[in-house]
There are 2 protein chains.
Amino acid sequence: MVDLPIAAVIRIAKKNGAERVGSDAAAALLAKTEAYIANLAKDANRLAQHAGRKTIKEEDVDFAAKST
Amino acid sequence: MVDLPIAAVIRIAKKNGAERVGSDAAAALLAKTEAYIANLAKDANRLAQHAGRKTIKEEDVDFAAKST
């Protein structure tokens, strides 16, 4: 995968109190974040189809996030 | 916040079956992803401190992901 910029992920981590992030930890953060988006998108897409739509709306993402 | 590029988030969503992603849905995906990283980083940081370290390691992220 690796679609997200690792620097942005580290920046968010540091904003949230992470003092130092090892490079192995940064890679793990990135991988888990991409997996999170993938799961959220799959669930949101299923919810959109369930509602008879092809376009994912905010409500689908909100619903998907409850169970992810 | 908005540290992550929204285009990258949409790209990951589309790779995972999302046909069309409304702009409100894209913004929701982005916000939830940033919140996910923030939570994961906070927990990983606490785990690193718990282990007497200032540097977050992969094992902290793995541990944090189990409960996030």
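Visitor: What does B:Ile37 touch, not counting residues up to four places away in sequence?

Guide: In this predicted model, B:Ile37 touches A:Val9, A:Ile12, A:Ala13, A:Thr33 and B:Leu4 once residues up to four places away in sequence are set aside. Its place is in helix H2 of chain B, which covers residues 23-50.

Visitor: Why is B:Ile37 called buried?

Guide: The relative accessibility of B:Ile37 is 0%. The term buried applies under 20%, and therefore B:Ile37 counts as buried.

Visitor: How far is B:Ile37 from B:Lys15 in space?

Guide: The two residues are 22 places apart along the chain, and their C-alpha atoms are separated by 20 Å.

Visitor: A:Ala13 was named among the residues that B:Ile37 touches. What makes A:Ala13 buried or exposed?

Guide: A:Ala13 has a relative accessibility of 1%. Because the limit for buried is under 20%, A:Ala13 counts as buried. This residue lies in helix H1 of chain A.

Visitor: Which residues does A:Ala13 touch, not counting those up to four places away in sequence?

Guide: From chain A they are A:Ala18, A:Val21 and A:Leu29, and from chain B they are B:Ile37 and B:Ala41. As for A:Ala64, 51 residues away in sequence, its C-alpha is 24 Å from that of A:Ala13.

Visitor: Why is A:Glu19 called partly exposed?

Guide: For A:Glu19 the relative accessibility is 43%. Buried would require a value under 20% and exposed a value over 50%; the value of 43% meets neither condition, so A:Glu19 counts as partly exposed.

Visitor: Where is A:Glu19 found, and with what is it in contact?

Guide: A:Glu19 is in the loop of chain A between helix H1 (6-15) and strand S1 (20-21). Leaving aside neighbours within four places in sequence, its contacts are A:Lys14, B:Asn45, B:Gln49 and B:Lys54. The C-alpha atoms of A:Glu19 and A:Leu4 are separated by 21 Å, with their positions 15 residues apart along the chain counted as the separation.

Visitor: What makes A:Asp24 partly exposed?

Guide: Its relative accessible area is 35%. That value is neither under 20% nor over 50%, and A:Asp24 is therefore partly exposed.

Visitor: Which residues is A:Asp24 in contact with, leaving aside neighbours within four places in sequence?

Guide: A:Asp24 is in contact with B:Lys57 and B:Glu58. A:Asp24 itself is found in helix H2 of chain A, residues 23-50. The C-alpha atoms of A:Asp24 and A:Asp60, 36 residues apart along the chain, stand 33 Å from each other.

Visitor: How many residues of chain B are in contact with chain A?

Guide: There are 40 residues of chain B in contact with 40 residues of chain A. In chain B, the residues that lose the most area to chain A are B:Asp3, B:Ile12 and B:Lys32, together 16% of what that side buries.

Visitor: How is the size of an interface often given?

Guide: It is often given as the accessible area lost when the parts come together. For chain B and chain A that area is about 3700 Å², with 64% of it on carbon and sulfur atoms.

Visitor: How do you know that chain A differs from a compact globule of 68 residues?

Guide: Such a globule would have a radius of gyration near 11 Å, but chain A has 15 Å. Along its principal axes, the C-alpha trace of chain A spans about 45 × 25 × 15 Å.

Visitor: Which elements make up chain A, and in what order do they run?

Guide: Chain A has three helices and two strands, which run α-β-α-β-α from the N terminus on. Of its 68 residues, 44% are buried.

Conventions
Residues are numbered from 1 along each chain as its sequence is written. Chains are lettered from A and ligands numbered from 1 in the order in which they are written. This is a predicted model: local features need pLDDT of at least 70, side-chain atom pairs count only at pLDDT 80 or more; totals for chains, interfaces and linings use all residues. Side-chain values use heavy atoms; hydrogens and water are left out. Helices (H or I, at least four residues) and strands (E, at least two) are DSSP runs, numbered from the N terminus. The radius of gyration is taken over C-alpha atoms; the globule rule is 2.2 Å times the number of residues to the power 0.38. Buried means under 20% relative accessible area, exposed over 50%, partly exposed in between (1.4 Å probe, protein chains only). Contact means heavy atoms within 4.5 Å. Buried area is the accessible area (1.4 Å probe) that two parts lose on being put together, summed over both.
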